[in-house]
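Morning, everyone. I have one structure to show you today. Let me put it on the screen.

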Amino acid sequence: MAILEIHVTGDPVLHSVARPVTTVDDDLRRLVADMYETMDLAPGVGLAAPQVGVPLRLFVYSYEDDDGQPWRGVAINPVLWINPPPVGELDEEAESEGCLSVPGERHPLRRAEAAMLIGTDLEGDPVELRVVGWRARILQHEFDHLNGVLYVDRLELPHSRRAAKAIRKAGWGVPGISWLPGRDDLEG
């Protein structure tokens, strides 16, 4: 397995709709294994193929809930359904979100409380996930990556302004910038 470079906002692969996976083969299995290793080292709770420069509709996720229960898997060619997000004031702490493609930044974003995802796994078997809370947030975040959307694209004022300023200050927002977990400490 190998650690993969994570592309930073501004790279075209992050801002384009990913292509469907058409073949599950050893190359795809190796990519998924490398994505798990990269996500774990970064550290992150999800990683989409476009974030490592591969424009395919797949992502991995890994999260341990408050009770210590592990939740880990891969979603290939997923479809996601959500309820409308609740209305009201953002809770800047509880709804704070980050992204390995905007490393070190965290901003509050309202997401739906529940989500249902269907897709397939590496064996071609169907996957159906019905989740709430942080698990729902993770699925929405990673699914967005497959559609060329970063969480900072969804921020409302004044958070969108702060995120844009941080991206400019870091010199991101242009093609060709990436970082390597284990070598670069961008998640701080």
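I'll go through the sheet, then the helices, then a separate strand pair.

One thing up front: this is a predicted model.

Start with the sheet. It is open and has 5 strands. Read across, the order is S2-S3-S4-S7-S8. The pairing is antiparallel. Which strands are the edge strands? They are S2, residues 46–48, and S8, residues 126–132. Each of those pairs on one side only. Neighbouring strands in this sheet are turned against each other by 35° on average, direction ignored.

Now look at S3 and S4. S3 covers residues 58–64, and S4 covers residues 70–82. How many bridges join S3 to S4? The count is 7, and the two strands run antiparallel. For a landmark, find Phe-59: opposite Phe-59, in S4, stands Ala-75.

On to the helices. Helix H1, residues 26–41, packs on the sheet. H1 touches S2, S3 and S4. Its direction makes about 40° with that of S3.

Then helix H2, residues 134–146. What does H2 lie across? S2, S3, S4, S7 and S8. S7, by the way, is residues 114–120. H2 runs at about 60° to S4.

Last stop: S5 and S6. S5 is residues 96–99, and S6 is residues 102–108. These strands run antiparallel, joined by 4 bridges. A hairpin of 2 residues takes the chain from S5 to S6. Where is the bridge partner of Cys-99? In S6: the partner is Val-102.

That's the tour. Over to you for questions.

How values were computed: Residues numbered from 1 in each chain as written. Predicted model: local features only at pLDDT ≥ 70, side-chain atom pairs only at ≥ 80, totals over all residues. Heavy atoms only, no water. Pairing = 2+ DSSP bridges. Axes fitted to C-alpha atoms, helices over the stretch in contact; angles between N-to-C directions. Contact = heavy atoms within 4.5 Å.
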